[in-house]
Amino acid sequence: MKKSVFASAIALVALVAPAPAAAVAGSMDAPAPTPSPVVAEPVSDWSGAYAGLILGTGDSTTDFDGFRLTLDHGIYGAFAGYSHDMGDIVLSAEISYERVSVDSFEDLDRYDLVVRAGYDLGQVQPYVSLGVARLELPDTPAEPGVSIGIGADLKVSEKFTLGAEYRYSEFNDEYLGMSDWSMSAGSLLIRGAYHF
């Protein structure tokens with residue numbers, strides 16, 4: 001009798017024991033990993049109107065019948081424009097006014113109308129530009145010219161950009177009212193803009 005009771009007790013323990021062991025084993029399993037949230041990269045859009053200020057320096061070379069004169073100049077001014085971001089390519093149209101200080105001469109007024117083609121790299125936009133220019137000096141006919149440029153803008157924020165540009169300009173034939181003169185100029189410009 002005692003043997004059967006003892007055997008029954010052992011059988012009962014054997015049946016009950018695996019359940020707590022399984023429960024304990026299950027509780028020791030590592031929790032299922034929680035998927036990390038996907039953070040979308042911010043999309044930078046260059047479209048819209050903008051306006052800003054220019055500071056620059058450079059030199060100009062004037063030629064006439066074998067005679068050449070090279071002068072340094074400083075530049076300050078303002079510009080405004082509009083950009084259209086088409087994905088990879090950014091097209092812009094811009095107008096600017098600059099005051100040009102030339103060694104030993106009166107200051108010149110310069111007006112530019114420029115189109116730009118840039119590449120959207122997100123926070124940076126390298127570009128090339130092509131434009132027409134107009135120089136004005138008191139008591140002298142206005143002088144038309146052309147310019148090409150290469151530069152890049154950097155987004156400090158979505159509202160502010162800083163940029164640098166090298167611009168080459170040519171004015172021919174009637175420079176400052178004197179026939180058969182020509183002038184070329186190279187300028188390094190620093191630009192700061194607010195985007196509306």
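**Strand β4 and its neighbours**

Q: Which residue takes a positive phi in the hairpin of β4 and β5?
A: The hairpin of β4 and β5 leaves 4 residues between its strands. Strands here are DSSP runs (E, at least two residues; helices are H or I, at least four), numbered from the N terminus, and two of them pair if DSSP finds at least two bridges between them. With a phi near 95°, the residue in question is Gly-122.

Q: What kind of model is this?
A: Residues are numbered from 1 along each chain as its sequence is written, and side-chain values use heavy atoms, with hydrogens and water left out. Local features need pLDDT of at least 70, side-chain atom pairs count only at pLDDT 80 or more, totals for chains, interfaces and linings use all residues, and the model itself is predicted.

Q: How many bridges join β4 to β5?
A: β4 covers residues 108-119. It runs antiparallel to β5, and Arg-110 stands opposite Leu-135 in β5. The bridge count for β4 and β5 is 10.

Q: How many bridges pair β3 with β4?
A: Strand β3 takes in residues 89-102 and pairs with β4 in the antiparallel sense. Across that pairing, Glu-94 faces Val-114 in β4. In the hairpin, with 5 residues between the strands, Ser-104 has a positive phi near 65°. As for bridges, β3 and β4 pair over 12.

Q: Is Asp-112 buried or exposed?
A: Asp-112 sits in β4. Its contacts (heavy atoms within 4.5 Å), leaving aside neighbours within four places in sequence, include Glu-94, Val-132, Ser-147 and Arg-167. Buried means under 20% relative accessible area, exposed over 50%, partly exposed in between, using a 1.4 Å probe and protein chains only. Since the relative accessible area of Asp-112 is 3%, the residue is buried.

Q: With which residue does Asp-112 form a salt bridge?
A: Side chains of opposite charge can pair when their charged atoms come close. The cut-off for a salt bridge is a side-chain nitrogen of Lys or Arg within 4 Å of a carboxyl oxygen of Asp or Glu; for Asp-112 the closest N and O atoms are 2.6 Å apart. The partner counts as buried too, at 4% relative accessibility. That partner is Arg-110.

Q: How many residues apart are Arg-191 and Glu-94?
A: The side chains of Arg-191 and Glu-94 meet in a salt bridge at 2.9 Å, N to O. The pair ties Arg-191 in β8 (residues 182-195) to Glu-94 in β3. Both residues are buried. Along the chain, this pair is apart by 97 residues.

Q: Which residue forms a salt bridge with Arg-116?
A: Arg-116 is buried, at a relative accessible area of 5%. In its salt bridge the closest N and O atoms lie 3.1 Å apart. Arg-116 also belongs to a network of salt bridges with Glu-94, Asp-153, Glu-165 and Arg-191. Its partner at 3.1 Å is Asp-153.

Q: What is the accessible area of the nonpolar surface patch?
A: Patch members have over 30% relative accessible area and no salt bridge, with nonpolar side chains (Val, Leu, Ile, Met, Phe, Trp, Tyr) joined within 5 Å and like charges within 9 Å. Areas come from the Shrake-Rupley method with a 1.4 Å probe, and for residues only the protein chains shown count as cover. Val-115, Val-128, Leu-130, Ile-148, Ile-150, Tyr-166, Tyr-168 and Leu-188 together have about 760 Å².

Q: Which elements give two or more residues to the nonpolar patch?
A: Val-115 of the patch lies in β4. The elements giving two or more residues are β5 (124-136), β6 (143-155) and β7 (160-171).
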